[in-house]
Amino acid sequence: MELDFEPAPTQVASTIEFACSAEPEPAPEYEVALAQGVMRELAAADTEDPGARRSSPVSARVIVRAMSWHWVDTCELTFIRLGALAVREALACVAEDREPQLIETRVRLLF
């Protein structure tokens, strides 16, 4: 995924816009999951990882520039977590006055 973040005015709600199509084909369920992870993290309401929850919400306009998934190795939970990680990285860039870093992660699900 490649996401751009822009600050939104304080009284304006956060938004997410998909300015791309997913590869290998559109995947509405993954778009919804990504948006869910992004919006939860921006709202400081991450229910998947309460230990990582921030104390205050942030308003932002988020633009998804690129998104890909794999037929076998992808699930909605992966995109929820990646959305939250992307927000954390964007906020760290602002706080530390640095360029974004590539986030490489493996999500392991146990059944």
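The crossing of α1 and α2 is right-handed in this predicted model. Helix α1 covers residues 28–42 and helix α2 covers residues 76–96; they pack with their axes 7 Å apart, at an angle of about 40°. That angle is neither under 35 degrees nor in the range 65 to 115, so α1 and α2 count as oblique to each other.

Who touches whom here? On the α1 side, the contact includes Glu-29, Tyr-30, Ala-33, Leu-34 and Gln-36, then Gly-37, Val-38, Arg-40, Glu-41 and Leu-42. Facing them from α2 are Glu-76, Phe-79, Ile-80, Gly-83, Ala-84, Val-87 and Arg-88. By residue type, that contact splits into 9 nonpolar, 3 polar and 5 charged residues.

Now for the largest pocket. About how much space lies in it? The answer is about 1,200 Å³. Its lining has 38 residues, and the ones closest to the pocket centre are Met-1, Leu-3, Leu-82, Ala-86 and Ile-103. Strand β1 (2–7) and helix α2 each supply at least two lining residues. Which of the elements gives the most to the lining? That is α2, with 11 residues. So much for the pieces; here is how the residue types fall in the two places.

| Place | Nonpolar | Polar | Charged |
|---|---|---|---|
| Contact of α1 with α2 | 9 residues | 3 residues | 5 residues |
| Lining of the largest pocket | 24 residues | 7 residues | 7 residues |

Helix α2 turns up in both parts of this story: it meets α1 through residues including Phe-79 and Ile-80, and it also helps line the largest pocket.

Terms used:
Residues numbered from 1 in each chain as written. Predicted model: local features only at pLDDT ≥ 70, side-chain atom pairs only at ≥ 80, totals over all residues. Heavy atoms only, no water. Axes fitted to C-alpha atoms, helices over the stretch in contact; angles between N-to-C directions. Helix = DSSP H or I, 4+ residues; strand = E, 2+ residues; numbered from the N terminus. Parallel < 35°, antiparallel > 145°, perpendicular 65-115°, else oblique. Left-handed = near helix turned anticlockwise from the far one by under 90°. Contact = heavy atoms within 4.5 Å. Nonpolar A, V, L, I, M, F, W, Y, C, P; charged D, E, K, R; others polar. 1 Å grid on protein atoms, 1.4 Å probe; cavity = no way out; pocket = protein on both sides within 12 Å on 5 of 7 lines; lining within 4 Å. Points joined across faces, edges and corners; volume = space filled by probe spheres on them.
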